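Please look over the sequence and the model below before reading on, and keep both in view while you follow the text. The explanation moves from one pair of side chains to the wider arrangement of the chain.

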Amino acid sequence: MYNHLLSCFFISFLITFHISHAPTLAIVLCWRFRVHIINALSHDNLDIHCYSLDDDLGEHNLQVGGDFTFKFGEYVIHHTCFWCDMKYGSDHSKTIYVFTEKFGDNQCCHTGKCFWSVRDDGFYFSNNNQSWVRWYDWS
(Lines give C-alpha, C1' and ligand atoms only; values in the text may rest on other atoms or scores of the structure.)
Protein backbone atom coordinates (compact mmCIF):
# COMPACT_ATOMS: atom_id res chain seq x y z
CA MET A 1 0.00 0.00 0.00
CA TYR A 2 2.79 2.39 0.97
CA ASN A 3 4.69 1.68 -2.30
CA HIS A 4 1.53 2.31 -4.34
CA LEU A 5 0.94 5.69 -2.65
CA LEU A 6 4.58 6.65 -3.10
CA SER A 7 4.41 5.73 -6.81
CA CYS A 8 1.24 7.80 -7.30
CA PHE A 9 2.81 10.78 -5.56
CA PHE A 10 5.97 10.53 -7.67
CA ILE A 11 4.00 10.29 -10.95
CA SER A 12 1.85 13.28 -9.92
CA PHE A 13 4.98 15.25 -9.10
CA LEU A 14 6.54 14.47 -12.50
CA ILE A 15 3.40 15.49 -14.39
CA THR A 16 3.13 18.75 -12.43
CA PHE A 17 6.83 19.49 -12.90
CA HIS A 18 6.64 18.80 -16.64
CA ILE A 19 3.61 21.06 -17.15
CA SER A 20 4.98 23.93 -15.06
CA HIS A 21 8.44 23.80 -16.63
CA ALA A 22 7.54 22.98 -20.25
CA PRO A 23 8.93 26.24 -21.74
CA THR A 24 12.19 25.80 -19.83
CA LEU A 25 12.51 22.19 -20.93
CA ALA A 26 11.93 23.13 -24.56
CA ILE A 27 14.91 25.48 -24.46
CA VAL A 28 17.16 23.01 -22.66
CA LEU A 29 16.26 20.18 -25.08
CA CYS A 30 16.73 22.25 -28.24
CA TRP A 31 18.79 20.13 -30.61
CA ARG A 32 16.93 19.73 -33.94
CA PHE A 33 17.41 22.52 -36.48
CA ARG A 34 16.44 23.40 -40.03
CA VAL A 35 18.53 25.91 -42.02
CA HIS A 36 17.17 27.75 -45.06
CA ILE A 37 19.35 29.59 -47.59
CA ILE A 38 17.12 31.84 -49.73
CA ASN A 39 18.29 33.53 -52.93
CA ALA A 40 16.88 37.05 -52.62
CA LEU A 41 19.29 38.59 -55.14
CA SER A 42 17.75 41.04 -57.56
CA HIS A 43 18.56 39.12 -60.75
CA ASP A 44 21.38 36.54 -60.41
CA ASN A 45 21.50 32.86 -59.63
CA LEU A 46 23.35 31.97 -56.43
CA ASP A 47 25.94 29.18 -56.26
CA ILE A 48 26.22 27.63 -52.81
CA HIS A 49 28.22 24.83 -51.26
CA CYS A 50 27.36 23.99 -47.62
CA TYR A 51 29.29 21.64 -45.36
CA SER A 52 30.28 20.73 -41.81
CA LEU A 53 33.21 18.75 -40.48
CA ASP A 54 31.15 15.58 -40.99
CA ASP A 55 28.81 16.33 -43.89
CA ASP A 56 29.23 17.78 -47.38
CA LEU A 57 25.81 18.90 -48.61
CA GLY A 58 27.01 19.37 -52.17
CA GLU A 59 26.97 22.27 -54.60
CA HIS A 60 23.69 23.89 -55.56
CA ASN A 61 22.63 26.61 -57.97
CA LEU A 62 19.62 28.57 -56.70
CA GLN A 63 17.51 30.66 -59.03
CA VAL A 64 16.15 33.96 -57.72
CA GLY A 65 13.59 33.07 -55.05
CA GLY A 66 15.03 29.56 -54.61
CA ASP A 67 15.42 28.02 -51.15
CA PHE A 68 18.02 25.39 -50.20
CA THR A 69 17.06 23.69 -46.94
CA PHE A 70 18.79 21.16 -44.74
CA LYS A 71 18.05 19.78 -41.29
CA PHE A 72 20.17 18.11 -38.66
CA GLY A 73 20.45 17.17 -35.01
CA GLU A 74 23.04 18.99 -32.98
CA TYR A 75 25.80 16.82 -31.51
CA VAL A 76 25.99 16.64 -27.74
CA ILE A 77 29.67 15.67 -27.46
CA HIS A 78 31.32 18.00 -29.97
CA HIS A 79 30.26 21.29 -31.52
CA THR A 80 28.07 21.45 -34.61
CA CYS A 81 29.07 24.00 -37.22
CA PHE A 82 27.95 24.52 -40.83
CA TRP A 83 29.55 26.85 -43.37
CA CYS A 84 28.36 27.82 -46.82
CA ASP A 85 30.47 29.13 -49.69
CA MET A 86 28.30 31.53 -51.67
CA LYS A 87 28.97 33.14 -55.00
CA TYR A 88 27.16 35.16 -57.63
CA GLY A 89 28.47 37.04 -60.64
CA SER A 90 32.21 37.28 -61.21
CA ASP A 91 33.12 39.43 -58.19
CA HIS A 92 30.89 38.36 -55.27
CA SER A 93 32.08 35.42 -53.19
CA LYS A 94 32.03 34.76 -49.45
CA THR A 95 32.05 31.91 -46.93
CA ILE A 96 29.80 32.40 -43.91
CA TYR A 97 28.84 30.43 -40.84
CA VAL A 98 25.16 29.52 -41.22
CA PHE A 99 25.07 27.58 -37.95
CA THR A 100 27.27 27.22 -34.88
CA GLU A 101 26.29 25.67 -31.58
CA LYS A 102 26.29 28.99 -29.71
CA PHE A 103 24.51 30.81 -32.54
CA GLY A 104 21.85 28.11 -32.83
CA ASP A 105 21.22 28.00 -29.10
CA ASN A 106 20.93 31.79 -28.90
CA GLN A 107 19.23 32.66 -32.18
CA CYS A 108 17.35 29.62 -33.53
CA CYS A 109 16.36 27.53 -30.53
CA HIS A 110 12.81 28.68 -29.88
CA THR A 111 11.78 28.12 -33.53
CA GLY A 112 14.29 25.43 -34.48
CA LYS A 113 14.85 27.33 -37.74
CA CYS A 114 17.60 29.54 -39.10
CA PHE A 115 16.80 31.53 -42.26
CA TRP A 116 19.45 33.24 -44.39
CA SER A 117 18.33 35.67 -47.09
CA VAL A 118 21.16 36.32 -49.54
CA ARG A 119 20.75 39.79 -51.03
CA ASP A 120 22.71 42.18 -53.24
CA ASP A 121 23.98 44.08 -50.17
CA GLY A 122 24.68 41.13 -47.86
CA PHE A 123 23.39 38.23 -45.81
CA TYR A 124 20.33 38.67 -43.61
CA PHE A 125 19.31 36.40 -40.72
CA SER A 126 15.87 35.55 -39.31
CA ASN A 127 14.53 32.80 -37.07
CA ASN A 128 10.94 33.31 -38.25
CA ASN A 129 11.27 34.28 -41.95
CA GLN A 130 9.70 37.67 -41.16
CA SER A 131 12.04 39.86 -39.10
CA TRP A 132 15.42 40.22 -40.79
CA VAL A 133 18.77 41.54 -39.53
CA ARG A 134 21.80 42.07 -41.76
CA TRP A 135 24.50 39.78 -40.35
CA TYR A 136 27.27 39.86 -42.99
CA ASP A 137 28.13 41.91 -46.04
CA TRP A 138 29.88 40.73 -49.21
CA SER A 139 33.27 42.30 -48.40
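A good place to begin is with two charged side chains, those of Asp-137 and Lys-94, which meet in a salt bridge with a distance of 4.0 Å from N to O. This pair links distant parts of the chain, since Asp-137 sits in the segment after strand S9 (133-136) while Lys-94 belongs to strand S6, and the two are 43 residues apart. The model you are looking at is a predicted one, and the distances quoted here are computed from it. How buried or exposed are the two partners? Lys-94 has a relative accessible area of 19%, and because buried means under 20%, this lysine counts as buried. Asp-137, by contrast, has 29% relative accessibility and therefore counts as partly exposed, a term used for values between 20% and 50%.

Asp-137 has a second partner, for its side chain also meets that of Arg-134 in a salt bridge, here with 3.9 Å from N to O. Arg-134 in turn meets the side chain of Asp-121 in a salt bridge of 3.7 Å, again taken from N to O. Arg-134 lies in strand S9 and Asp-121 in the loop between S7 and S8, so this pair ties together parts that are 13 residues apart in sequence. Both residues are partly exposed, Arg-134 at 42% relative accessibility and Asp-121 with a relative accessible area of 37%. How many salt bridges does a search of the whole structure find? The search finds three, and the shared partners join Lys-94, Asp-121, Arg-134 and Asp-137 into one network.

With these contacts in mind, it helps to step back to the chain as a whole. The chain has three helices and nine strands, and if you follow the elements from the N terminus on, they run α-α-β-β-β-β-β-β-α-β-β-β. Of the 139 residues of the chain, 34% count as buried.

Some of the buried residues come together in nonpolar cores, and the largest of these has 25 residues. Which residues have the most contacts inside this core? They are Val-35, Ile-37, Leu-46, Met-86, Val-98 and Trp-116. The core draws on many strands, with at least two residues supplied by each of S1 (32-39), S2 (46-51), S4 (67-73), S5 (81-88), S6 (92-100), S7 (113-119) and S8 (122-126). Strand S5 gives the most to the core, with four residues.

Two further residues can be followed through the strands. Phe-82 has its place in strand S5, and with a relative accessible area of 3% this phenylalanine is buried. Along the sequence Phe-82 and Tyr-97 are 15 residues apart, yet in space they are 6.0 Å apart from C-alpha to C-alpha. Ile-48, which is found in strand S2, counts as buried at 2% relative accessibility. The C-alpha atoms of Ile-48 and Tyr-88 are separated by 9.0 Å, although these residues are 40 residues apart along the chain.

From the buried residues we can turn to the surface, where charges of one sign gather in patches. A negative surface patch is formed by Asp-47, Asp-54, Asp-55, Asp-56 and Glu-59. Within this group, Asp-55 is found in the loop between S2 and strand S3 (56-62), and this aspartate is partly exposed, with a relative accessible area of 38%. Which residues form a positive surface patch? Such a patch is formed by Arg-32, Arg-34, Lys-71 and Lys-113. Lys-71 has its place in strand S4, and at 54% relative accessibility this lysine counts as exposed, because exposed means over 50%.

One last detail concerns the backbone. Most residues other than glycine have a negative phi. Asn-129, however, has a positive phi of about 65° although it is not a glycine. Where is Asn-129 found? Its place is in the loop between S8 and S9, and with a relative accessible area of 39% Asn-129 is partly exposed.

Terms used
Residues numbered from 1 in each chain as written. Predicted model: local features only at pLDDT ≥ 70, side-chain atom pairs only at ≥ 80, totals over all residues. Heavy atoms only, no water. Core = buried A, V, L, I, M, F, W, Y, C linked by side-chain atoms within 4.5 Å. Buried < 20%, exposed > 50% of the residue type's maximum accessible area, 1.4 Å probe, protein only. Patch = residues over 30% accessible without salt bridge, like charges linked within 9 Å, V, L, I, M, F, W, Y side chains within 5 Å. Areas by Shrake-Rupley, 256 points an atom, 1.4 Å probe, with all protein chains shown as cover. Lys, Arg positive; Asp, Glu negative; His and termini not counted. Charge placed at Lys NZ, Arg CZ, Asp CG, Glu CD.
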